[in-house]
Amino acid sequence: MSESVQIWLNGRVLPVEEARLSPFEHGLLVGDGVFETLAVRKGRVIGLREHWQRLVRSCATLGLTAMDEAEFADAIAVAVRANGLTDARVRVTQTSGDGPLGSDRGAGKGTRLVAATPLNTWPPSEKVCLVPWTRNENGALAGVKSISYAENVIALAEAKRRGCGEALLANTRGELCEGTGSNVFVVVDGQLHTPPLASGCLAGVTRLLVLQACAAAGIDCAETALPAEVLTRCEEAFLTSSTRDVHPIAEIDGRALAAPGPLTRAVQAAYAAHLGA
């Protein structure tokens, strides 16, 4: 990590070497916290309010007090500016702060941290695979952007081992759910679908913006509970996330797809128009 990287930590901007957390930080000890990943493109934060609203929902589920919208926006702007970036990947993290060596929480205010790094790039299309582990759509953290990400780390490592750049997961009912850091859309018999939030998938901000873009462009997209085996027969598929935007899938478990197919191209155009509106 470069010495020039600046971190926003609890209202202060510090060099990364000085941005230190306590050994009793509950985010570290038990994963007690939430986060948001945002993209900044040409100085514009994409989906700023939608990301803050999701942070508020995640905090409410965990019983944390979320940053207010003004602090959220200002901290992001400060972190991006302090690192001299116009295109950036921004991570906003909130935890319960210091606590005991167990699941009980401490009484502190909590930790608020914002880091900004250059925006990563992706290949033109992605290879994905379905991994054997499942999302628990009935779990306490279903739909929460929790920092408890070890399941995603394991799933993505398995996908990388199999030559893929993203893993897809089903839920406990055997329905298609999501990726480790993305939502998934599929085209079946010419119809665009994405798993509903009831599947246990994250309420992705880009997912939301794509649904809005499709509605504005007259592209029918159904939120549909689909069996995971739909991946063996869909004609097109793509991932969405803050850094991927609308990212075509070229291969699912070794099966080649058009990437991008015609409907994916239409969604990409609609999404770009929606952001430019």
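Visitor: How many aromatic pairs does the count come to?

Guide: It comes to 2 aromatic pairs. Rings of Phe, Tyr and Trp (its six-membered ring) pair if their centres lie within 6.5 Å; planes under 30 degrees apart are stacked, over 60 edge-to-face, the rest tilted. One pair is F35 with Y149, edge-to-face at 5.2 Å centre to centre and 80° between the planes. Bear in mind that this is a predicted model, where local features need pLDDT of at least 70 and side-chain atom pairs pLDDT 80 or more, while totals for chains, interfaces and linings use all residues. Residues are numbered from 1 along each chain as its sequence is written, and side-chain values use heavy atoms, without hydrogens or water.

Visitor: Which parts does the F35 and Y149 pair tie together?

Guide: F35 sits in strand β3 (strands are DSSP E runs of at least two residues, helices H or I runs of at least four, numbered from the N terminus). Y149 is in the loop between β7 and α4, so the pair links parts 114 residues apart in sequence.

Visitor: Are F35 and Y149 buried or exposed?

Guide: Buried means under 20% relative accessible area, exposed over 50%, partly exposed in between (1.4 Å probe, protein chains only). F35 is buried at 4%, while Y149 is partly exposed at 28%.

Visitor: And how are the rings of F185 and F238 arranged?

Guide: They're stacked, because their centres are 4.8 Å apart and their planes at 15°. F185 belongs to strand β10 and F238 to β13, so this pair bridges 53 residues of sequence. F185 is buried at 0%, and F238 is buried at 0% too.
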